Amino acid sequence: MILFALVIIVAVMLLVLGFEMFLVLGVPALMIKEFFYGNLPDPVVIQKILGGINHTTLLAIPFFILAAELMGEGQIARRLTGLVKVLVGHLRGGMGYTTIGGSMAFGSVSGSAPATVAAMARMVYPEMRKAGFSDKFSLGLIVSSAETALLIPPSITFIIYGWMTGTSVAKLFVGGLAVGLVLGLAFAIMAALEARRSGVERGPRTSWKERVIAVRDAGWALGMPIIILGGIYSGYFTPTEAAAVSVVYAIFVEGVIFRELTWRKLVAITERAAISTAIIFILLAMGGLLSYFITLAQVPAAITGFLEAIQAGPIVFLLIVNISFLIAGMFIDPNSALLILVPPLYPVAMALGIDPVHFGMIVTLNISIGMITPPFGLDIFVASSTLSKPVLTIISGLWPFIIANLIVLAIITYVPDISTFLPNLVFG
């Protein structure tokens with residue numbers, strides 16, 4: 001136990017000193033190997049690093065990242081958001097609803113919260129301020145709404161969780177649709193209350209002719225979520241195949257139909273997507289190594305034994321899970337939190353009879369909250385960079401949304417049917 005405590009201390013020190021996350025994950029794993037399993041051949045380490053990411057499910061990640069970059073640079077994201085604005089923009093607080101709906105629409109074809117923040121911030125922030133929403137509320141809503149991209153399928157977080165646990169990614173996608181809608185509804189209620197409090201006026205009502213035109217203009221953009229989700233839910237595509245199709249479709253629509261995509265843009269977009277993919281896969285490789293040694297050391301069994309000793313059931317365990325992820329989300333990036341905490345906690349959840357899809361929803365919602373939680377929430381810095389706004393200004397607008405998130409988290413945690421009803425209905 002002393003050596004395990006030493007390993008944890010080393011990991012925390014590396015994190016505090018600002019080392020890259022792959023070292024924060026990798027060095028403790030190598031320490032465990034040397035201290036506890038010194039007789040284990042060194043090639044096993046290489047096998048676990050490379051073998052851990054040699055999985056077809058993970059091929060969906062680079063494709064979805066590339067698709068998100070293509071849509072953010074082109075017209076698909078703008079046209080989806082424009083359609084939402086035409087449908088709900090005339091309501092009191094309509095730009096708030098447009099921000100939420102637009103983020104969910106963009107998330108339904110990208111699976112990336114940072115990409116959603118970057119794409120939506122430029123489009124809706126000026127419109128929200130013009131509509132009468134305060135600066136802080138506008139920033140808070142834009143950053144928070146992007147969370148839905150991790151819940152509305154396709155979600156990169158669900159793909160990683162499914163790879164780590166063996167849970168059906170298709171079932172996670174269906175469950176995430178319900179949870180994402182609940183979170184979006186909570187934000188919509190906040191937008192409605194803020195609109196009344198601030199005296200935000202109704203926007204001009206659009207005619208049916210304008211709505212028909214907006215639907216027609218967004219037709220090719222709507223094809224993206226229809227192809228991805230329809231293909232997955234019908235069983236025609238696997239998530240990986242759907243991701244590949246989304247890239248081909250995005251290139252065709254942006255390059256041939258909208259004529260926004262040039263060869264120069266395509267090269268730059270592909271380069272950015274490749275860098276993002278490399279970062280994620282390096283973390284996954286190191287996380288896989290750490291996960292192997294955590295399992296080898298029977299850490300899940302020790303946690304289960306501790307919970308049995310204190311007679312803690314699923315309610316207390318899930319509370320511990322939420323607290324652990326919320327604290328981790330304040331200091332490390334979401335993928336790292338996933339890689340560190342899921343391996344020891346998932347087997348315990350299964351031992352306690354918790355549905356794997358339900359547990360995945362809890363984990364992913366916690367990851368989403370971590371994206372907007374100070375001091376190191378990634379989406380905060382993406383919004384700051386995109387809009388040239390001080391980080392503290394964005395954080396000050398986020399607190400009401402963090403509270404709303406915690407309320408939704410409590411509901412999702414202790415009402416499992418919200419997460420499991422749709423997957424059970426669709427897949428039986």
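**Exercise 1. Which helix contributes the largest share of the nonpolar patch, and with how many residues?**

The structure is a predicted model, in which local features need pLDDT of at least 70 and side-chain atom pairs count only at pLDDT 80 or more, while totals for chains, interfaces and linings use all residues. Residues are numbered from 1 along each chain as its sequence is written, and side-chain values use heavy atoms, with hydrogens and water left out.

Step 1. A patch is built from residues with over 30% relative accessible area and no salt bridge, joining like charges within 9 Å and nonpolar side chains (Val, Leu, Ile, Met, Phe, Trp, Tyr) within 5 Å. Accessible areas follow the Shrake-Rupley method with a 1.4 Å probe, and for residues only the protein chains shown count as cover.

Step 2. The surface patch consists of I315, V316, L319, I320, I323, I327, M330, F331, F376, F381 and Y414, which together have about 990 Å² of accessible area.

Step 3. Helix α16 (residues 314–331) supplies the largest share, 8 residues, where helices are DSSP runs (H or I, at least four residues) numbered from the N terminus.

Step 4. M330 lies in helix α16, and M330 is classed as partly exposed because its relative accessibility is 31%, the classes being buried under 20%, exposed over 50% and partly exposed in between (1.4 Å probe, protein chains only).

**Exercise 2. Determine which parts the salt bridge between K85 and E127 ties together.**

Step 1. A salt bridge requires a side-chain nitrogen of Lys or Arg within 4 Å of a carboxyl oxygen of Asp or Glu, and the whole structure holds 7 of them.

Step 2. The closest N and O atoms of K85 and E127 are 3.2 Å apart. Since K85 belongs to helix α5 (residues 76–88) and E127 to helix α7 (residues 113–131), the pair ties together parts that are 42 residues apart in sequence.

Step 3. K85 is partly exposed at 35% relative accessibility, and E127 is partly exposed at 29%.

Step 4. K33, by contrast, is buried with a relative accessible area of 3%, and its salt bridge with D42 has closest N and O atoms 2.6 Å apart.

**Exercise 3. Describe the course of helix α7 and what follows it.**

Step 1. α7 has a kink of about 45° centred on A121, the bend being the angle between axes fitted to the seven residues ending at a residue and the seven starting there.

Step 2. The buried residues of α7 include A121, V124, Y125 and M128.

Step 3. After α7 comes G132, with a positive phi near 115°.

Methods:
Helices (H or I, at least four residues) and strands (E, at least two) are DSSP runs, numbered from the N terminus.
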